[in-house]
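Here is a friendly walk through the model below, one region at a time. Keep the viewer open and follow along.

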Amino acid sequence: MIAAADPAARAQGVVPGQPLAQAQALVPDLQVLEAQPDRDAADLARLAGRCLWMSPLTAPDGVDGIWIDASGCAHLHGGEHAMLGRLLDDLGRLGLSGRVAIADTPGAAHALARHGRSRRTVLPAGAPETMFDSLPVEALRIAGDTADMLHRLGLGRIGAVRAAPRAPLARRFGPLLLTRLDQMLGRVAEPIRPVLAPDIVQARRGFVEPISTPDAFRMVIDALVAEVCAALHRRGEGARRLDLVFERVDGTTRSVRVGTARAVHNPAHLGRLLAERIESVEPGFGVEAMRLAVTAAERCGPVQDDGARMGSGHRGDDADLSVLVDRLVNRLGPERVFRLTPVATHVPERRQRRMPADRAGAGGIWSADWPRPIRLLPAPEPVRVTALLPDHPPHAFTWRRSRHEVARADGPERILGEWWRPATDADNDRVREYWIVEDRDGRRFWLFRRGDGQHAWSGDQGWFLHGFF
Amino acid sequence: MTRTDRTDMLARLRGQIARMERHTSRLAPDAGWDAGPIPWGLAVPEIDRHLQGGLPRGAAHEVIGQGGDMALAVLPARFVAHVLGVGGGPVVWIGAGLFDLHADGLVRAGVDPGRLLCVTAGRDDVLAVCEDSVRACGVAAVVAELEGALSLTASRRLQLAAEGSGATCFLIRRSRRPNDRTLFQPTASATRWRIAALPSPAPIAGSPGMRGVGAARWSMDLLRYRGGRPGSWIVEVGDAPDRLVMAAVPAGRAAAATACPVAGPAACHAVA
């Protein structure tokens, strides 16, 4: 059976659907190639992926077409006509010829591309339904025998089908014919199932029976992760962000997203990150498919520490903590795993800033020229003091209902507020005078007095406890 | 069975037990690992001698404050910072709820804050996060601030995790109640320390009033030491910008009466 014929063969009378023997009788030196529908489909999908340069949504259409959802894309290519021209040029460079059409619905575009009058058709938006009346019913994407039957009944044109009463048609030919007609005319929406960008690594598992237990999820995650990691490995890439989508029986989806501090293609690492998030997924009545997609990937070296060196004594400052950071971040949240970076200020409570640990670039130069406490209260707490002289540290202070007699004291160290911020900020004291005091038990505290003791503008002379040595 | 046979057999059995206890996860015994890693020295010769080189790595160590410091655990944190400053490597510091470490204070104690990966976990999560961190690859030390009691089982898990990975785990035990006895219940940790503040000597002998603070003085009690004797020292804490130094000083207190020889008074003032 002839599956397809090139223009030269067609000129000799060879048409698709002919038995091969008949064709060879017509053209004795006919060049015959075995049809490979699987490879054709794969190539078509690849071609659809290539067309992503035009629009983010493309999909193969049947065995011989490609849908491109051009909504909102035409202006990027200089209008719809110019866009089609560029598309044909691009196909021409690949050695392909084609027919292109733009219409309001995928069905209409399909029909016009195959049965339109010219190679390039642009149907203006909101064209009347009568535009399609002259097209043959084959344009409706219906089975060949249905089309034959319609021709025999005298309904060979779409216009005739459109004008015919619907109920007998549906009874005679089934619902598909009318559905196709409605899809073409835009009465029924027809989503196209887009191909994904070819550079997304993903894996999917569908299940015969819906699953809902964490153990089952874990097994599927292991399988998906292994598949994805193998694909990443082949490409020399690692995942930075993964989306695990649970397709539930009721048609809704639940998803889990995990991020990594650096590109990872280690199955154990990724599997553990995902498995720890299972609890946050409600399975509902069950999950019938799971899909794992790498939504952000980066190049990474082929060798990655897989934890097997644990305990081998290999540890240095450059040791890679990213595995741990990822686990902690995904478990506790990014704001609870951090590194400290210095801030150029003298105000102690503003001296350090928390940097997300999963972001590179943390770190800085630390220097401490003066004694500083190891623990600092998040905000200075007022204390009641017994002070004799304004220039001296207190003799005793009471903090959180316990009284400390001061045995030794050192100070004051004057720390000025941040002049570049308004002094009206509640946390921006003009002047603080810090004292290191030791109580009778030998415990050491960091107290300060607000103000320099002379000028009212500098502070109200209140005493505060700020840290512990 | 002769006497030497019996001794041999005992030695063999002891060796077997030691091998079992040391765990099979230690890789490559032929790579010089059978001797165990170098202990984590405290940079105080007397104490290091007592500990046969320092705190064992790949083990859990508890540090407890005393009296009012049990709630805040200031000196335990200071002690751990000092220990971290002696050794190198990345550190995970897990705070319970609040994270109140002051980076400048760490710098003064000799620790580069850049080495720290800081985590604030809920009070119930601390142990789990701690265990995960201990098991993680590439961590030299994990410091966890634990509030309240620590069960024998939980401490055994941590100790085993540390033995398996080789990371050293420091547990800063805190309690809202002063002198909480539950902190002193038996656990599986390798050592337990109690650090308490002592009144410091006058910075300059005979200086009047409360002018100036000198070197801080701590009493360090090694309450529990698996495979060794407890000990007690009084140390002075010099405050150098880069590296903090501790020196054992002769104690006027009976607590210092231990097997370790104490340094002379000249040593202590050379530090401050």
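## An aromatic cluster in chain A

In this predicted model, one aromatic cluster is formed by A:Y434, A:W446, A:F448, A:F464 and A:F469. A search of the whole structure finds 13 aromatic pairs over all chains. A useful one to look at joins A:F217 and A:F246: the ring centres are 5.1 Å apart and the planes stand at 75°, so this pair is edge-to-face. A:F217 sits in helix α10 (residues 214-235) of chain A and A:F246 in strand β6 (residues 237-248) of chain A, so the pair ties together parts that are 29 residues apart in sequence. A:F217 is buried, at a relative accessible area of 1%, and A:F246 counts as buried too, at 0%.

Back in the cluster, the rings of A:W446 and A:F469 are edge-to-face as well, because their planes are at 85°, with the centres 6.2 Å apart. This pair links distant parts of the chain: A:W446 belongs to strand β16 (residues 444-450) of chain A, while A:F469 is in the segment after β17 (463-468) of chain A, 23 residues away. Both A:W446 and A:F469 are buried.

## The seven-stranded sheet of chain A

Which strands make up the open sheet of chain A, and in what order? Going across, the seven strands run β11-β17-β16-β15-β14-β13-β12, with antiparallel pairing. At the edges stand β11 (375-382) and β12 (384-386) of chain A; each has a single partner strand, so one side of each is left without a neighbour in the sheet. On average, neighbouring strands of this sheet are turned by 35° against each other, ignoring direction.

For a closer look at one pairing, take β14 (residues 402-416) and β15 (residues 431-439) of chain A, which are joined by eight bridges in the antiparallel sense. Here A:V406 has A:D439 in β15(A) as its bridge partner.

## A helix of chain A

Helix α3 (residues 37-50) of chain A is 14 residues long and spans 20 Å from the first C-alpha to the last, close to the 20 Å expected at 1.5 Å a residue. Its buried residues are A:L44, A:L47, A:A48 and A:G49 in α3(A). The buried residues of α3(A) pack against β1 (57-61), β2 (65-69) and α4 (80-93) of chain A.

## The nonpolar core in chain B

Which residues touch the most other members of the largest nonpolar core? Among its 61 residues, these are B:I47, B:F79, B:V80, B:L84, B:W93, B:W193 and B:W218. Helix α4 (residues 74-86) of chain B gives the most to this core, with eight residues.

B:W193 is a good residue to select in your viewer. Leaving aside neighbours within four places in sequence, its contacts include B:L42, B:I47, B:L51, B:L55, B:V63, B:I64 and B:F79. The list also holds charged residues, B:E62 and B:D221, along with B:M220, B:L222 and B:W233.

## Strands β6, β7 and β8 of chain B

Strand β7 (residues 216-225) of chain B is largely enclosed by the rest of the structure, because seven of its 10 residues are buried. Strand β6 (residues 191-198) of chain B pairs with β7(B) through eight bridges in the antiparallel sense, and B:A197 has B:W218 in β7(B) as its bridge partner.

β7(B) also runs antiparallel to strand β8 (residues 231-237) of chain B, joined by seven bridges; here B:D221 is matched with B:S232 in β8(B). The hairpin of β7(B) and β8(B) has five residues between the strands, and B:G227 in this hairpin takes a positive phi near 80°.

## A helix of chain B, and a contact between chains

Helix α7 (residues 152-165) of chain B has 14 residues and reaches 20 Å between its first and last C-alpha, close to the 20 Å expected at 1.5 Å a residue. Buried residues of α7(B) include B:A154, B:L158, B:A161 and B:A162. Just after α7(B), B:G166 takes a positive phi of about 90°.

Is B:D104, in helix α5 (residues 103-108) of chain B, buried or exposed? B:D104 is buried, with a relative accessible area of 4%. Not counting residues up to four places away in sequence, B:D104 touches A:R351, A:W366, A:S367, A:A368 and A:R372.

Key
Residues are numbered from 1 along each chain as its sequence is written. Chains are lettered from A and ligands numbered from 1 in the order in which they are written. This is a predicted model: local features need pLDDT of at least 70, side-chain atom pairs count only at pLDDT 80 or more; totals for chains, interfaces and linings use all residues. Side-chain values use heavy atoms; hydrogens and water are left out. Two strands pair if DSSP finds at least two bridges between them. Helices (H or I, at least four residues) and strands (E, at least two) are DSSP runs, numbered from the N terminus. Axes are lines fitted to C-alpha atoms, for helices over the stretch in contact, and angles run from 0 to 180 degrees between N-to-C directions. The expected span of a helix is 1.5 Å times one less than its number of residues. Buried means under 20% relative accessible area, exposed over 50%, partly exposed in between (1.4 Å probe, protein chains only). A nonpolar core is a set of buried Ala, Val, Leu, Ile, Met, Phe, Trp, Tyr and Cys residues joined through side-chain atoms within 4.5 Å. Contact means heavy atoms within 4.5 Å. Rings of Phe, Tyr and Trp (its six-membered ring) pair if their centres lie within 6.5 Å; planes under 30 degrees apart count as stacked, over 60 as edge-to-face and the rest as tilted.
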